[in-house]
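Work through the exercises below with the sequence and the model side by side, and try each task before reading its solution.

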Amino acid sequence: MTSHLPSTGAALAETGDLDALMASARQIRDAAWGRRITYSRKAFVPLTNMCRDTCGYCTFVKHPSSPEARIMTPEQVLAEARRGEREGCKELLFSLGEKPELRYEAARKGLERLGYSRLTDYLRDMCELVLRETSLLPHVNAGTLTDEEIDVLKPVSASMGMMLETVSRRLTRKGQPHHACPDKTPVQRLRTLERAGEKRVPFTTGLLIGIGETWEERIEALHAINAAHARHGHVQEVIIQNFQRKPDIEMANHPEPGLEDMLRTIAAARVILSPEISLQAPPNLSARHIAYLDAGINDWGGISPVTIDFINPQHDWPEIRSLARSCEAAGFELRERLTVYPRYLTGNAGFINPSVRTRALGMAGGTGLAREQRHIGETA
Ligand code: SF4
């Protein structure tokens with residue numbers, strides 16, 4: 001797979017006029033993805049909110065001494081999965097803090113009570129439980145992973161993800177958001193991105209913008225993702241996520257990126273990344289998200305009809321039918337996809353465990369998107 005970097009697009013991404021950059025991005029999006037905007041209907045399972053890292057913008061993480069710190073039990077996981085199933089979800093997103101058992105006694109004890117010594121093994125078994133007891137496809141968002149951990153998780157998941165976030169090493173210094181976060185050193189995240197490619201895992205990654213990185217660092221991160229994809233063909237989607245201020249975080253007074261910043265970054269991503277990589281931005285983190293369509297996105301990511309966005313709990317998901325109407329008014333049709341993108345289901349042998357692939361193919365229509373389109377009451 002070759003890197004898509006038209007010289008005009010590259011120049012525009014670095015310096016140029018926003019309107020021209022967005023026009024270029026739209027052209028690439030329309031040619032590769034047409035006027036169809038996708039989303040994944042998902043149930044969200046925050047398996048544990050304990051984490052050995054302490055990112056300055058994180059509201060998800062709870063210190064083990066907090067009464068809210070927890071590891072979900074298998075019964076709780078299954079209850080969430082069943083709730084999602086009843087509402088037509090196809091994806092179960094496992095999201096969790098990184099390796100809390102390596103730092104906290106309370107996390108080790110919590111895992112021991114469940115019969116485990118390592119979170120990855122518990123996660124593996126919860127994926128298996130979901131596959132055995134429900135019709136959902138697990139997507140695993142477990143942060144940095146070793147080769148061995150990917151080997152453990154790949155057979156029981158349809159896809160995996162980890163936000164690269166940034167390649168800025170400056171942000172790991174004292175006073176910066178990734179200080180003392182071993183899993184947020186760029187080299188560790190780039191290694192996981194690379195390993196996922198070597199192991200042929202359909203992979204979701206992305207940038208978190210507005211946490212103190214420079215524009216050049218954003219561009220560098222996009223090139224790094226694209227280069228990994230060029231080597232392995234595994235990056236199914238890239239998310240451009242905007243930092244959100246919350247009252248209870250270290251960065252409570254840090255400015256949020258504005259709409260123009262989001263549009264410029266989305267458009268730059270579209271011209272830098274290979275056109276076959278889906279480009280996504282979350283619809284619940286800006287009231288003006290429909291404008292992202294003009295900057296070249298083709299996907300809204302996971303939207304849950306049953307659970308809140310645990311990462312940004314103050315921002316409700318849009319109601320899916322009303323999002324469909326807004327897309328239609330902007331000249332796009334909203335369609336539901338599976339967690340794994342169509343090209344990994346057909347003709348890309350080795351990207352998914354055969355039994356998970358069979359399940360996914362059974363859920364897919366002729367286009368590779370979800371056969372049941374619950375929000376419009378149709379089958380595709
Ligand atoms: S690694 Fe993730 S869960 Fe852990 S503190 Fe950072 S953002 Fe929060």
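## Exercise 1: The nonpolar core

Task: In this predicted model, find which residues of the largest nonpolar core touch the most other members, and which helix gives the core its largest share.

Solution. Begin with the core itself, which holds 101 residues, and in which Phe94, Leu123 and Ile266 touch the most other members. Next, turn to the helices: the largest share of this core, eight residues, is contributed by helix H9, which runs over residues 259-272. Then take Leu123 and list its contacts, leaving out residues up to four places away in sequence; the partners are Leu47, Phe94, Leu96, Val140, Ala142 and Leu153. As background, nonpolar side chains in soluble globular proteins tend to be buried together.

## Exercise 2: The whole chain

Task: Decide how the radius of gyration of the protein agrees with that of a compact globule, and describe the overall make-up of the fold.

Solution. First, set the two values side by side: a compact globule of 380 residues would have a radius of gyration near 21 Å, and the protein has 19 Å, so the two agree. Second, look at the extent of the C-alpha trace, which spans about 55 × 50 × 40 Å along its principal axes. Third, count the elements, and you will find 12 helices and 11 strands. Fourth, consider burial, since 48% of the 380 residues count as buried. Finally, take the contacts with a separation of 6 or more, and note that 74% of them are accounted for by residues 24 or more positions apart.

## Exercise 3: The annotated domain and the ligand

Task: State what the UniProt record says about residues 37-284, and describe the shell around the ligand.

Solution. The unreviewed UniProt entry annotates residues 37-284 as "domain: Radical SAM core". In the model, this span is 36% helix and 18% strand, and its end C-alpha atoms lie 16 Å apart. Moving to the ligand, the residues that surround it are Cys51, Asp53, Thr54, Cys55, Cys58, Phe60, Val61, Gly97, Glu98, Gly143 and Asp183. Sorted by character, the residues of this shell comprise five nonpolar, three polar and three charged.

## Exercise 4: Loop residues with a positive phi

Task: Find where lysine 99 and glutamate 165 lie, and decide whether each is buried or exposed.

Solution. Lysine 99 belongs to the loop that joins strand S2 (91-96) and helix H4 (105-114). Its phi is near 40°, a positive value in a residue other than glycine. Lysine 99 is buried, because 23 other C-beta atoms lie within 10 Å, and the cut-off for a buried residue is 20 or more. Glutamate 165 is placed in the loop between strand S4 (159-161) and helix H7 (186-198), and its phi, near 70°, is likewise a positive value in a residue other than glycine. Glutamate 165 is also buried, because there are 23 other C-beta atoms within 10 Å.

## Exercise 5: Four loop residues and their surroundings

Task: For alanine 252, arginine 200, serine 157 and valine 167, work out whether each counts as buried, partly exposed or exposed, and name the residues that each one touches.

Solution. The contacts named here do not count residues up to four places away in sequence.

- Alanine 252 lies in the loop between strand S6 (235-242) and H9, and it counts as exposed because it has 11 C-beta neighbours inside 10 Å. Alanine 252 touches Arg245, Lys246 and Pro247, while its C-alpha atom is 12 Å from that of cysteine 55, although the two are 197 residues apart along the chain.
- Arginine 200, in the loop between H7 and strand S5 (203-209), counts as partly exposed because it has 18 C-beta neighbours inside 10 Å. The residues that arginine 200 touches are His234, Gly350 and Phe351.
- Serine 157 is in the loop between helix H6 (147-153) and S4, and is buried because 30 other C-beta atoms lie within 10 Å. Serine 157 touches Cys127, Pro138, His139 and Val140.
- Valine 167 sits in the loop between S4 and H7, and is buried because 21 other C-beta atoms lie within 10 Å. The contacts of valine 167 are Pro186, Glu217, Glu220, Ala221 and Ala224.

How values were computed: Residues are numbered from 1 along each chain as its sequence is written. This is a predicted model: local features need pLDDT of at least 70, side-chain atom pairs count only at pLDDT 80 or more; totals for chains, interfaces and linings use all residues. UniProt positions are given in the numbering used here, feature names are shortened, and annotations may be inferred rather than shown by experiment. Helices (H or I, at least four residues) and strands (E, at least two) are DSSP runs, numbered from the N terminus. A nonpolar core is a set of buried Ala, Val, Leu, Ile, Met, Phe, Trp, Tyr and Cys residues joined through C-beta atoms within 7 Å. A residue is buried if 20 or more other C-beta atoms lie within 10 Å of its own, exposed if 12 or fewer, and partly exposed in between; C-beta atoms are placed from the backbone. Two residues are in contact if their C-beta atoms, placed from the backbone, lie within 7 Å. A residue is near a molecule or strand if its C-beta atom, placed from the backbone, lies within 6 Å of it. Ala, Val, Leu, Ile, Met, Phe, Trp, Tyr, Cys and Pro count as nonpolar, Asp, Glu, Lys and Arg as charged, and the others, Gly among them, as polar. The radius of gyration is taken over C-alpha atoms; the globule rule is 2.2 Å times the number of residues to the power 0.38.
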